[in-house]
There are 2 protein chains.
Amino acid sequence: MAEDTRERILSACERVIARSGLRGFRMQEVAREAGVSIGLLAYHFGDRDGLLEAALDHVNESAAIRAEAPGEQPAPARLIALLTSEFGDDEGIRDGSVAWNELRASAVFDAGQARAVARSTADWQQRVVELVRESLGPQGADPEPIALLLTALVEGLSGRWLTGQITAAQAQDAMRDAAARVGIRAD
Amino acid sequence: MAEDTRERILSACERVIARSGLRGFRMQEVAREAGVSIGLLAYHFGDRDGLLEAALDHVNESAAIRAEAPGEQPAPARLIALLTSEFGDDEGIRDGSVAWNELRASAVFDAGQARAVARSTADWQQRVVELVRESLGPQGADPEPIALLLTALVEGLSGRWLTGQITAAQAQDAMRDAAARVGIRAD
DNA sequence: GCAGGAACTGAAAATGAATTCAGGACGCCC
DNA sequence: GGGCGTCCTGAATTCATTTTCAGTTCCTGC
């Protein structure tokens, strides 16, 4: 069925991007990974640009979905879980992070992508704002700058992790340490 | 003179990367920007890969040099100046940041580049460690995690800035705010 | 003043990837 | 069973870019 195939192609795109980056994003490669012919890519997505755009939207959505998962714990624990969930040796997590990282880098040169990235990031940061507010209580410090600090830090640490400068565990520790410094502790 | 020309070509590469990214890094484009023929690029650098490698080394060095500039102010002011100097509407600063950003993204897929990035980053972070130590005094908190926090935050904010999510001035404010939260103030 | 080498040019050839297209398979309705 | 539309294939073609190379300029030492 067609919808199924489209989905299979898009997740193949994500794997190809995670493995070889945007520069290694070849239609031949995607076709092989998805187990379809190269012509089918054109049939469904028009051309390379169309495929790439759909793939990046897909990456963007996957990231948004991953950021859901409410949970029943108290706010500080939920917040720390949300922030540290970006790092992990799990193949799926790393693939998603790498793809998202590529999308972010590419958005510097593409206003359309930049808009999509900005929207996703703003949603995510808003969720952090609310969890920070809940964690610190109504009398606590202004949550906005804290949320900016925490989310931008996740992105910075993610770069360090993906380039092998630190491990996923060290990134998580650094994240917890930062949260503690702004008054947020899981225990 | 040849050395002069090489330098001219490499700084043309940096401008091309800043303008169009690694994906838009065309030899024709570099040749035009540098005002030389395309054949000369091959003469000096062998092939596209050789040129790109030299260009990224050059970006790396430029970034390292930019991080120098000691100054005569007290340690906290020097530290904040070092951290906020990454952001600015100055064309040179933005070009350097964009190029460095591309290098960092590309290093995810290239172990050699990752090593170079890691070395530069470690040097920079070490300078931050020392300024943090000086700022907080010998009885102060452990400077290492603070330096990791501050430098990773610079990288995260840089991504936000380059994708148009925040302005350079907002990035600087966020940086000063973060420094204040870990006990470092310019005044 | 000329032999030789380094710096440099630009157009032709090679390469590598995207796009196009003629057609095959399959299911569905009449 | 035959027409028809959707999904799909893969080889031929086109296109963009890099690589190569024959040749020019200009300097330097003899």
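Let me start at the DNA, where a backbone N or O atom of A:Met27 lies 3.2 Å from a phosphate oxygen of DNA strand C, a polar contact in the sense of a pair of N or O atoms within 3.5 Å, where within protein one must be able to donate a hydrogen and the other to accept it, and residues adjacent in sequence count only if both atoms are side-chain atoms. Before going on, I should say that this is a predicted model, in which local features need pLDDT of at least 70 and side-chain atom pairs count only at pLDDT 80 or more, while totals for chains, interfaces and linings use all residues. Residues are numbered from 1 along each chain as its sequence is written, chains are lettered from A and ligands numbered from 1 in the order in which they are written, and side-chain values use heavy atoms, with hydrogens and water left out.

Staying with strand C, a side-chain N or O atom of A:Arg26 is 3.3 Å from a phosphate oxygen of DNA strand C, and for the side chain of B:His44 the corresponding separation is 2.9 Å. The elements giving two or more residues to this surface are H3 of chain A together with H1 and H3 of chain B, where helices (H or I, at least four residues) and strands (E, at least two) are DSSP runs numbered from the N terminus. H3(B) gives the most, with 4 residues. In total, 15 residues surround DNA strand C, and the closest are A:Arg48, B:Thr5, B:Ser37, B:Tyr43 and B:His44; a residue counts as near if one of its heavy atoms lies within 4 Å. Of the strand C atoms within 4 Å of the protein, 73% belong to sugar or phosphate and the rest to bases.

Turning to DNA strand D, we find 16 residues around it, the closest being A:Ser37, A:Tyr43, A:His44, B:Arg26 and B:Arg48. Here backbone N or O atoms of A:Ser37 and B:Arg48 lie 2.7 Å and 2.8 Å, respectively, from a phosphate oxygen of the strand, and a polar side-chain atom of A:Thr5 lies 3.0 Å from a phosphate oxygen. H3(A) gives the most to this surface, with 5 residues, and 70% of the strand D atoms within 4 Å of the protein belong to sugar or phosphate.

Now to helix H1 of chain B, residues 2-20, which reaches 27 Å from its first C-alpha to its last, close to the 27 Å expected at 1.5 Å a residue, that span being 1.5 Å times one less than the number of residues. Its buried residues include B:Ile9, B:Leu10 and B:Val16, buried meaning under 20% relative accessible area, exposed over 50% and partly exposed in between, with a 1.4 Å probe and protein chains only. The helix is followed by B:Gly21, whose phi is positive, near 80 degrees.

What lies at the centre of the largest nonpolar core, by contacts inside it? In this core of 70 residues, A:Leu157 and B:Leu157 have the most contacts, a nonpolar core being a set of buried Ala, Val, Leu, Ile, Met, Phe, Trp, Tyr and Cys residues joined through side-chain atoms within 4.5 Å. Helices H5, H7, H8 and H9 of chain A and of chain B each supply at least two residues of this core. Leaving aside neighbours within four places in sequence, B:Leu157 is in contact (heavy atoms within 4.5 Å) with residues including A:Leu148 and A:Ala152.
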